[in-house]
Amino acid sequence: MKQYYLIAFFLSLALNSNAQNPDKSWWTFTYPIHPAADSCLLDLRYLNETYAGQHGFIQLSDDGNSFVHGDGKPIRFWASNGGNLASEMSDQKLDSLAKFLAKMGVNIIRYHGAINPRGPYTNLMNPDTTDVKNIWRCVAAMKRQGIYTVISPFWPHNGHMGGHVPAEWGIEGYDEKDDLWAVLYFNENLKAAYKNWVKYLYTTPNPYTGVPLKDEPAVAIIQVENEDGVFFWTMQSIKPALSKIVSTQFAQWLTDKYGSLQAALNAWGSDAVLKDDDVAKEFVGLYSIYEMTLAQTNGKAKRIKDQTEFYAKKQRGFYDEMVKYYRYDLDCKQLTNGNNWRTASQSRLLDAERWSNSTADVLATNKYFDPQHTGPNDGWRIDPGDFYGAPSSLKNPADLPFNVKHLSGHPMMITESGWNLPNKYQTEGSLLVAAYSGLNGLDAFFWFMPSAVNFDNEPYHKYFNVGGQHPLNRWTNSTPGEAGMFPANALLHRLGYVKAATAVKEQRTLTSIFNRDVPKIFEEKSFDPNRDFDTSTKTLDEKASLSPLTFLTGGVTTSYGGSIDTLQVLAPLDQLINKNKQQVTSITGEQKLDYKKGIFTLNTPKAKAVSGFLNTVKTFPLGDVTIQSNNEYATIQLVSMDEKNISQSTKILLQAGTLFRPTNWVEEAAVKEKDGETIKGFTIKNTGKMPWLGMPVLGSVSIKNSSVKKAIQLDAAGYAVKILPLQINNGIITILLPKDAYYILLVQ
């Protein structure tokens with residue numbers, strides 16, 4: 001027993017050494033309001049067009065893999081969610097949000113809305129004109145700041161339907177308690193209503209611009225709907241009335257394929273019979289999604305292959321119909337995206353999902369980096385007493401949200417993501433997204449999501465009181481560690497400072513996809529605390545041939561419809577991925593990740609950066625730049641603002657971020673058992689209050705550059721605070737970073 005207590009004591013000491021509670025040495029983060037905007041030294045509005053759509057509608061590049069302006073010039077997007085804040089903001093506040101986002105480097109925003117009728121006693125065919133109006137307002141406000149808009153008008157989640165599915169809607173089997181998962185694919189009434197809603201949205205003249213959205217080049221992409229699909233666990237919760245429709249349609253599909261329903265049953269054999277099969281009634285049963293995540297044999301495998309193919313073609317047919325409706329019936333000139341969801345088995349079902357969406361121009365998915373947050377309200381708020389594991393993605397690279405395959409001929413977007421609270425290592429996120437998006441060709445990564453017109457100075461649910469404390473908003477990215485890191489990384493991404501390279505090219509046949517064969521490389525599981533649940537103990541027990549670290553060596557592309565499955569490895573993976581040292585390097589050599597120590601470096605001619613647990617190494621030589629840091633954790637980067645190499649640049653942004661926590665935040669080391677795994681982390685004892693506090697920056701930066709003569713420390717709003725001393729010796733400048741370093745401008 002004594003030995004047990006000693007072990008527990010020393011474990012407690014080890015865990016507590018990583019508890020980062022703010023103390024008196026931390027600096028206070030503020031966002032000053034300055035009346036003289038023309039004196040701002042850091043404002044990236046100039047990167048945007050005078051107004052969004054100035055050069056016409058956003059189009060696909062010649063190869064279809066990326067975006068170009070209407071005049072054919074390439075465009076890269078630094079993206080944000082938050083368009084739906086129009087529903088909460090006055091015109092003045094909405095304009096302020098647009099100006100702030102443009103200033104931080106954002107040039108595209110997503111409006112995640114719900115234009116369906118809301119609440120009881122409504123007519124299914126009538127759109128919610130309030131939400132439509134807010135979409136129009138958003139498009140107009142963002143357009144003025146050179147920010148394009150992606151519109152997502154429907155999510156079949158109950159809360160987005162006003163908490164009701166009224167009887168007046170006539171959707172059999174569904175009432176006010178139900179979500180409408182998958183109903184849109186199979187129910188003709190809901191599909192007809194959806195068309196009516198978007199017809200009003202896109203063809204009615206926008207009163208704020210005078211132009212209907214169908215003719216509005218400031219709208220870049222139409223997203224048909226948000227987070228729904230036939231290959232996710234929610235297909236197991238569809239109501240009997242909808243299940244009957246699906247089964248009837250499946251029976252008809254089988255009759256068309258085999259000549260008769262009985263012929264289909266004969267082809268499957270006696271080991272694939274379900275109790276609902278009824279030839280006389282032209283009806284067949286359905287296997288659950290769980291069964292579709294597993295390896296199958298004999299007749300059951302044949303039957304599930306047919307069911308997979310039916311689901312995929314049904315969903316693809318729906319998106320094909322919607323794309324044609326937007327393009328030809330409504331005369332919309334924008335690019336289209338079907339959906340952005342995942343599947344119950346990323347190894348067996350994801351390619352079927354992506355294929356079904358590929359009738360649209362653009363593909364998308366939603367993936368978050370998991371802070372391992374658990375609590376009674378963990379889907380939307382952070383309460384005192386909640387637990388979180390505090391992982392850094394630098395030590396968990398297989399979980400990075402941009403580890404995705406790109407379908408050749410289609411741009412790829414992550415339409416919702418973030419290192420959302422209570423994650424303490426937020427400052428690594430923007431850098432990693434910018435650095436690897438350039439490498440792998442990711443076209444847009446939409447941060448989720450703002451909660452204020454700039455930084456949120458009250459990110460609490462004030463109407464709840466938990467033991468004298470207020471729960472913290474777990475979804476806001478209006479924080480110093482996330483939105484605050486945008487400028488350097490928007491520059492890095494939008495100016496194309498990272499070389500692109502392809503590591504793997506894959507080709508899959510439709511037969512292989514419908515067979516649910518496991519590909520040689522697939523995307524690992526992602527995170528959504530509201531709906532990402534499993535009903536099985538293991539659904540990803542298969543082992544891919546290629547490590548998920550392959551995604552960090554270069555782009556991974558796939559194509560569908562070939563005659564045979566092929567895999568072409570273009571990178572020397574055995575040299576780039578060192579599992580013994582736990583390091584991975586990109587093909588270009590520009591990105592290096594030591595996931596044992598948790599340190600990432602970026603070394604390009606026009607951008608240098610280091611992020612992670614820096615005091616384990618302290619000194620980082622990056623060509624013409626040396627970064628030195630004693631920080632337990634920090635992200636320090638330099639980006640050329642005049643598109644010259646760092647060594648010749650006359651205008652360089654030096655950006656630093658450490659850990660940011662609310663005042664009086666208190667956490668204690670803890671462990672939690674989850675799914676048979678012991679997770680080391682923290683129990684939140686106090687959610688704190690504003691203002692945000694920042695851990696001091698400890699270090700220096702040296703640059704071989706004879707042009708820079710001055711270092712100007714800026715406040716969080718980008719205005720000059722003071723001139724910092726520079727040491728200049730033989731063409732090498734050295735700056736000792738102040739403890740409250742955030743933005744520093746290095747100029748002639």
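## Exercises on a predicted model

Gly-441 comes right after helix H11 and has a positive phi, near 85°. The model is predicted. The exercises below start from this helix.

**Exercise 1. Compare the span of H11 with the expected one, and find how many of its residues are buried.**

Step 1. Take the length. H11 has 14 residues.
Step 2. Take the span. From first C-alpha to last, H11 reaches 21 Å.
Step 3. Compare. The expected value is 20 Å at 1.5 Å a residue, and the span of H11 is close to it.
Step 4. Check the cover. Of the 14 residues of H11, 14 are buried, so the helix is mostly covered under the 20% cut-off.

**Exercise 2. Determine how Tyr-436 and Phe-600 pair, and which elements they link.**

Step 1. Start from the total. The structure holds 48 aromatic pairs.
Step 2. Classify this one. The rings of Tyr-436 and Phe-600 lie 5.5 Å apart, centre to centre, with 50° between the planes. The pair is tilted.
Step 3. Place the residues. Tyr-436 belongs to helix H11 (residues 427-440) and Phe-600 to strand E23, 164 residues apart. The pair thus links distant parts of the chain.
Step 4. Check burial. Tyr-436 has 1% relative accessibility and counts as buried. Phe-600 is buried too, at 0%.

**Exercise 3. Repeat the analysis for Phe-613 and Tyr-633.**

Step 1. Classify. The centres are 5.3 Å apart and the planes 65° apart, which makes the Phe-613 and Tyr-633 pair edge-to-face.
Step 2. Place the residues. Phe-613 is in the loop between strand E24 (607-612) and strand E25 (619-622). Tyr-633 is in the loop between strand E26 (625-629) and strand E27 (634-640). They are 20 residues apart.
Step 3. Check burial. Phe-613 has a relative accessible area of 11% and is buried. Tyr-633 is buried at 0%.

**Exercise 4. Describe the surroundings of Thr-604.**

Step 1. Locate it. Thr-604 lies in strand E23 (residues 599-604).
Step 2. Test burial. Thr-604 has a relative accessible area of 1%, so it is buried.
Step 3. List contacts beyond four places in sequence. Thr-604 touches Tyr-497, Val-498 and Glu-590.
Step 4. Look for a polar contact. The Thr-604 side chain reaches the backbone oxygen of Tyr-497 at 3.4 Å.

**Exercise 5. Which elements do the buried residues of H10 pack against, and what does Asp-228 touch?**

Step 1. Count. Helix H10 (residues 350-357) is mostly covered, with eight of its eight residues buried.
Step 2. Name some of them. Among them are Glu-353, Arg-354 and Trp-355.
Step 3. List the partners. The buried residues of H10 pack against helices H9 (298-329) and H13 (510-514). Their strand partners are E9 (363-366), E14 (412-417), E17 (502-508) and E18 (555-560).
Step 4. Turn to Asp-228. It sits in the loop between strand E7 (219-223) and helix H6 (240-258). At 1% relative accessibility, Asp-228 is buried.
Step 5. Read its contacts. Beyond four places in sequence, Asp-228 touches residues including Ala-182, Tyr-319, Trp-341 and Glu-353.

**Exercise 6. Sort the unusual backbone angles into cis bonds and positive phi values.**

Step 1. Recall the background. Most peptide bonds are trans, and most residues other than glycine have a negative phi.
Step 2. Pick the cis bonds. Leu-421 to Pro-422 is cis, with omega near 10°. Phe-448 to Met-449 is also cis, with omega near -20°.
Step 3. Place them. Pro-422 lies in the loop between E14 and H11. Met-449 lies in the loop between strand E15 (444-447) and strand E16 (472-473).
Step 4. Pick the positive phi values. Ala-182 has phi near 70°, and Lys-618 has phi of about 80°.
Step 5. Check exposure. Ala-182 is buried at 1% relative accessible area. Lys-618 is partly exposed at 37%.

**Exercise 7. Decide where the coordinates should not be read in detail.**

Step 1. Take the average. The chain averages a pLDDT of 94, and 95% of the residues score at least 70.
Step 2. Find the low stretches. Residues 1-17 stay under 50, with seven contacts beyond four places in sequence. Residues 526-542 are also below 50, and this stretch has 52 contacts beyond near neighbours in sequence.
Step 3. Conclude. Where pLDDT is low, predicted coordinates should not be read in detail.

Notes:
Residues numbered from 1 in each chain as written. Heavy atoms only, no water. pLDDT = per-residue confidence, 0-100. Contact = heavy atoms within 4.5 Å. Helix = DSSP H or I, 4+ residues; strand = E, 2+ residues; numbered from the N terminus. Buried < 20%, exposed > 50% of the residue type's maximum accessible area, 1.4 Å probe, protein only. Polar contact = N/O pair within 3.5 Å; in protein donor to acceptor, adjacent residues only side chain to side chain. Phe/Tyr/Trp six-rings, centres within 6.5 Å; stacked < 30°, edge-to-face > 60°. Expected span 1.5 Å × (residues − 1).
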